[in-house]
Structures are given as C-alpha cells and as structure tokens.
Amino acid sequence: MGHRVEVEGWPAFEMGPDETLLEGCEEAGVPMDSACGGFAACNACRVQVLVGAESCNPLLDEEIPFLDGPDQRLGCQLRVSGPVVLRLAPGM
Ligand code: FES
C-alpha cells in the first residue's frame, strides 16, 4: 500500500514502501536532481522533512556528510512508512 508524499509546490503522490523518494519523485514528475545517480554521494537529491520524520527510515551513515541539519535527508536513500511533507532543498 502506498503512502502519501507531498513535496512543497507539487501535487501529492503515493509511494510504495520499497520505493525511494527519488524513484517516487521520478514517477510523479517532481523534479528531484540526482547528480550521483542515487548512490548517496552528492547533495542534489537533498530534502527537508517538514512533517512525518517518524515515518522515515533511519538515517544512514552515508547520508550524513551531505546534510546540513537534523531535518534533512537524501531523497535517494529515503523510504517512508507513513505520510510525509517535504521540501526540495538542494542549495541549503
Ligand atoms: S542522488 Fe546523489 S545523493 Fe542522492
């Protein structure tokens, strides 16, 4: 079953539990960049989690060097188990 994902400024979409946010955004037409191809090696896919941090999978060590704050995640590593609201934040 999918979970509701809302990226600020874009129509909400549903994402399956095994999908990454990067995959979900690609399917939904939300323009998430992926300079490294989804390997937790850049910050192009970075997002700020506005609502639903408790629905996100645990932070991976690989993400930490690319994040500027505790509310950020890499979209290519993020999976959700409930509804979330996010902001695309590559340049923060
Ligand atoms: S696409 Fe490069 S870290 Fe996610």
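# Exercises on a predicted model

Three bridges join β1 to strand β5 (residues 84–88), and the two strands run parallel. The exercises below start from this pairing; the model is predicted.

## Exercise 1. The sheet

Task: state in which order the five strands form the sheet, and which strands stand at its edges.

Solution.

Step 1. Take the strand pairs in turn. β1 pairs with β5 in the parallel sense. β3 and β5 are antiparallel and share four bridges. β3 and β4 are also antiparallel, over three bridges.

Step 2. Put the strands in order. The sheet is open and reads β2-β1-β5-β3-β4, with mixed pairing.

Step 3. Find the edges. β2 (13–15) and β4 (72–74) each have a single partner strand, so one side of each has no neighbour in the sheet. From one strand to the next, the twist averages 40°.

Step 4. Check individual bridge partners. Val7 has Leu86 in β5 as its bridge partner. Val47 is matched with Leu88 of β5. Gln48 is matched with Gln72 of β4.

## Exercise 2. The two sides of the helix

Task: decide which residues of α1 are buried, and where they sit around the axis.

Solution.

Step 1. List the buried residues, using the cut-off of under 20% relative accessible area. In α1 they are Leu21, Leu22, Gly24 and Cys25.

Step 2. Look at their directions. These residues cover an arc of only 160° around the axis, which puts them on the same side of α1. As a general background, an α-helix has 3.6 residues a turn, so residues three or four places apart point the same way.

Step 3. Look at the other face. Glu26 and Glu27 are exposed, on the face of α1 turned away from its buried side.

Step 4. Name the cover. The elements over the buried residues of α1 include β1, β2, β3 and β5. Helix α1 (residues 21–28) lies across these strands, with β3 at residues 46–51, and runs at about 140° to β2.

Step 5. Follow the chain out of the helix. Gly29 comes after α1 and has a positive phi, near 80°.

## Exercise 3. Met1 and Val7

Task: for Met1 and Val7, say whether each is buried or exposed, and which residues each touches.

Solution.

Step 1. Place Met1. It belongs to the segment before β1 (3–7). Met1 counts as exposed because its relative accessibility is 84%, and the cut-off for exposed is over 50%.

Step 2. Find the contacts of Met1. Beyond four places in sequence, Met1 touches Met15, Gly16 and Pro17. The C-alpha atoms of Met1 and Glu14 are 8.7 Å apart, with these positions 13 residues apart along the chain as the separation.

Step 3. Place Val7. This residue is in strand β1. Val7 counts as buried because its relative accessibility is 2%.

Step 4. Find the contacts of Val7. With neighbours within four places in sequence left aside, Val7 contacts Phe13, Cys25, Val30, Leu86 and Leu88. Among these, Cys25 is one of the buried residues of α1, and Leu86 is the bridge partner of Val7 in β5.

Step 5. Compare with a pair along the chain. Val7 and Val80 are 73 residues apart in sequence, and their C-alpha atoms are separated by 13 Å.

## Exercise 4. A residue with positive phi

Task: say where Ala40 lies, and whether it is buried or exposed.

Solution.

Step 1. Ala40 is in the loop between α1 and β3.

Step 2. The phi of Ala40 is near 55°, which is positive although the residue is not glycine.

Step 3. With a relative accessible area of 10%, Ala40 is buried.

## Exercise 5. The whole chain

Task: describe the protein chain by its secondary structure, and say how its radius of gyration stands to the globule rule.

Solution.

Step 1. The protein chain has one helix and five strands, in the pattern β-β-α-β-β-β along the sequence.

Step 2. The radius of gyration is 11 Å, close to the 12 Å from the globule rule for 92 residues, so the chain is as compact as a globular protein of that length.

Step 3. The C-alpha trace spans about 30 × 25 × 20 Å along its principal axes.

Step 4. Of the 92 residues, 45% count as buried. The accessible surface is about 4900 Å², and carbon and sulfur atoms account for 55% of it.

Step 5. Among contacts between residues at least 6 apart in sequence, 58% join residues at least 24 apart.

Key
Residues numbered from 1 in each chain as written. Predicted model: local features only at pLDDT ≥ 70, side-chain atom pairs only at ≥ 80, totals over all residues. Heavy atoms only, no water. Buried < 20%, exposed > 50% of the residue type's maximum accessible area, 1.4 Å probe, protein only. Contact = heavy atoms within 4.5 Å. Pairing = 2+ DSSP bridges. Axes fitted to C-alpha atoms, helices over the stretch in contact; angles between N-to-C directions. Arc of directions from axis to C-beta. Rg over C-alpha atoms; globule rule 2.2 N^0.38 Å. Areas by Shrake-Rupley, 256 points an atom, 1.4 Å probe, with all protein chains shown as cover.
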